[in-house]
There are 2 protein chains.
Amino acid sequence: MTQLIQSISEIRRSVKAFREKGLRIGLVPTMGALHEGHLSLVRQSLEETDRTFVSIFVNPTQFGPNEDLDAYPRTLEADMEALSRCGAHAAFVPSADEIYSRDSQTWVTVEGVARPLEGEYRPTHFRGVATIVLKLFNIVSPDAAYFGQKDYQQALVIARMVGDLNVPVEIRVCPIVREPDGLAMSSRNVYLSPSERQQALVLSRSLAAAEGMIRGGETGVERIETQMLRILRTAPDADVDYIAICDPRTLEAVKTVQGRVVALLAVRIGSTRLIDNRVIEP
Amino acid sequence: MTQLIQSISEIRRSVKAFREKGLRIGLVPTMGALHEGHLSLVRQSLEETDRTFVSIFVNPTQFGPNEDLDAYPRTLEADMEALSRCGAHAAFVPSADEIYSRDSQTWVTVEGVARPLEGEYRPTHFRGVATIVLKLFNIVSPDAAYFGQKDYQQALVIARMVGDLNVPVEIRVCPIVREPDGLAMSSRNVYLSPSERQQALVLSRSLAAAEGMIRGGETGVERIETQMLRILRTAPDADVDYIAICDPRTLEAVKTVQGRVVALLAVRIGSTRLIDNRVIEP
């Protein structure tokens, strides 16, 4: 059974005991409301390390003032059952007070890869992400940490931070897990009404169309994006934040496809904001 | 003899070997040009830990565009001799390329305690300090790290960062070491001409005057600062950046002395900028 740990001192004691036995530690940072995407990270960690810790913390500093912090789904009981079935060693489930002191004054900021796309629409988001992830790394001191490609830019930002700050943690990025009909798994999918759930398929369809065009030899990004937009607009409640075809390492916009690219999009379906992406080889 | 280590991978190997034997590691981060102030930190680390590593790195990111990065004294041979005499285990002397990748994008910023005083006069200074210190901590992973009280605000900024980011390093702050006539030791003292060296005594004298007044029962900060300024102005080449009487933990300015305070000042003597401070108990 997965152990539930709430205090920093206890998780440090637990990790230290394993470390002294020479065991390799994996960390899967999550905000809970676990789905198969999260569990695929847990399984990857279980394969590659000796003990897997999963943090469950809905991090307030990565939500903007008008975002869904309060509404964000919290399903701790089901999460613990799912982790137990997988064989995770422990869940670290701290309170906000355990993580942030009232007068906390320190931020980790990433420029470059954190600036476009999500960085434009959620200006304080990646500062919150980088700061909490570094804190979790310092608390747990894992050998490896697991992130989903679903949050493509987040994974890049964390990898940059780890490289730039010499953090001794290996970052592993695992493939997107999708529902059978193509919708990328997300804790936010529960917000969707049945009609919105159906409309949400335009995200993965529009990425599949981009892939089809690029594999078919199309190199003009404007034409690809026009086609993606056309598909997104078939959903009456879709409101597009961005679509982009970018360099997969720098996230700089590409004008002509000449090598591997990543297509990314953020679309609001009704009041639910969804993101998805696809790495595409010409 | 103190070992000279230039690469990150080698210092990590060296620390790891000691750590596996259960030894406690101390780190003294410096910019070289070592004087008795630095060596007092080394001795403190030697007393409290099993192996002492001293980093010597003139960190470009903590210098402003018009500051003395190029002129900063570099005395590696003498530094290594001094460290050998003390018994430091190793000096980590990386190149700038070893520390910063060309496209580094990540900063650690501290608000609050980093904002006033040095933060006002050197707006990017503490961002550079916090970032390099965290990098060094991640590279060396010491149990304890040693800083001088001479850079009072720097020590506070680092302690905040370590607390806020849950960095598993104990921060030790050691007393200011002074020349027999009272001048706080600093690598920048070598810039002073003989006349400036004499005039530089106004810093410690003005702090001593503040202490005398507060111990004598004076509580009015305006009167104390007036007296400090009067002493500073006896030096014809002195140009005051700031004098301040502050809360020793928050660095908020104090108007009436009611408990322990810290008096801090930054004064340019000719073209040499000097800082000094004194913690004062009424």
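Two strands pair if DSSP finds at least two bridges between them. By that rule E2(A) and strand E3 (residues 51–56) of chain A pair, since six bridges join the two in the parallel sense. The model discussed here is predicted.

**Strand E2 of chain A and its partners**

In the pairing of E2(A) with E3(A), A:Ile25 stands opposite A:Arg51. Between the two strands the chain passes through helix H2 (residues 36–48) of chain A, and this β-α-β crossover is right-handed. E2(A) also runs parallel to strand E6 (residues 144–148) of chain A, to which two bridges join it. There A:Leu27 has A:Ala145 of E6(A) opposite.

How many residues of strand E2 (residues 25–30) of chain A are buried? Six of the six are, so the strand is largely enclosed by the rest of the structure. In a regular strand the side chains alternate between the two faces of the sheet. For E2(A), one side carries A:Ile25, A:Leu27 and A:Pro29, and the other carries A:Gly26, A:Val28 and A:Thr30. Both faces are covered, as all of these residues are buried.

**Domains of chain A**

Chain A is divided into domain 1 (3–174) and domain 2 (187–280). Taken over C-alpha atoms, the centres of these domains of chain A are separated by 26 Å. Their contact takes twelve residues from domain 1 of chain A and eleven residues from domain 2 of chain A. On the side of domain 1 that touches domain 2, the elements of chain A that give two or more residues are helix H5 (118–121) and helix H7 (152–164). H7(A) gives the most to that side, with three residues. By class, the side of domain 1 of chain A that touches domain 2 of chain A has nine nonpolar, two polar and one charged residues.

**Relation of the two chains**

Two copies of a chain are related by a rotation about an axis and a shift along it. Here a turn of 180 degrees and a shift of 0.0 Å along the axis lay chain B on chain A with an RMSD of 0.0 Å. That is the relation of a two-fold axis. The same surface serves both copies, as 100% of the contact residues of chain B recur in chain A. Which residue of chain B comes closest to the rotation axis? It is B:Val108, whose C-alpha lies at 2.3 Å.

**Contact between chains A and B**

The contact takes 24 residues from chain B and 25 residues from chain A. On the side of chain B that touches chain A, two or more residues each come from strand E5 (106–110), helix H6 (125–140) and helix H7 (152–164) of chain B. E5(B) supplies the largest share of that side, five residues. By class, the side of chain B that touches chain A has eleven nonpolar, nine polar and four charged residues.

Strands also pair across this contact. Strand E5 (residues 106–110) of chain A and E5(B) pair in the antiparallel sense over five bridges, and A:Val110 stands opposite B:Thr106 in E5(B).

A:Thr109 is found in strand E5 of chain A. Is A:Thr109 buried or partly exposed? A:Thr109 counts as partly exposed because it has 18 C-beta neighbours inside 10 Å, whereas a buried residue needs 20 or more. Leaving aside neighbours within four places in sequence, A:Thr109 is in contact with A:Arg127 and A:Ala130, and also with B:Trp107 and B:Thr109 of the other chain. The C-alpha atoms of A:Thr109 and A:His35 are separated by 29 Å, and these residues are 74 residues apart along the chain.

**Residues with positive phi**

Most residues other than glycine have a negative phi, and most peptide bonds are trans. The table gives two residues with a positive value.

| Residue | Phi | Loop | Other C-beta atoms within 10 Å |
|---|---|---|---|
| A:Leu251 | near 65 degrees | between strand E8 (238–246) and strand E9 (261–269) of chain A | 23, buried |
| B:Ala33 | about 50 degrees | between strand E2 (25–30) and helix H2 (36–48) of chain B | 20, buried |

A:Leu251 is buried, with 23 other C-beta atoms within 10 Å. B:Ala33 is also buried, with 20 such atoms, and the cut-off for a buried residue is 20 or more.

Note on methods:
Residues are numbered from 1 along each chain as its sequence is written. Chains are lettered from A and ligands numbered from 1 in the order in which they are written. This is a predicted model: local features need pLDDT of at least 70, side-chain atom pairs count only at pLDDT 80 or more; totals for chains, interfaces and linings use all residues. Two residues are in contact if their C-beta atoms, placed from the backbone, lie within 7 Å. Helices (H or I, at least four residues) and strands (E, at least two) are DSSP runs, numbered from the N terminus. Ala, Val, Leu, Ile, Met, Phe, Trp, Tyr, Cys and Pro count as nonpolar, Asp, Glu, Lys and Arg as charged, and the others, Gly among them, as polar. Domain bounds come from an automatic or database domain assignment. Copies are superposed by least squares on the C-alpha atoms of residues with pLDDT of at least 70 in both. A residue is buried if 20 or more other C-beta atoms lie within 10 Å of its own, exposed if 12 or fewer, and partly exposed in between; C-beta atoms are placed from the backbone. A crossover is right-handed if, with the strands pointing away from the viewer, the path from the first strand over the helix to the second runs clockwise.
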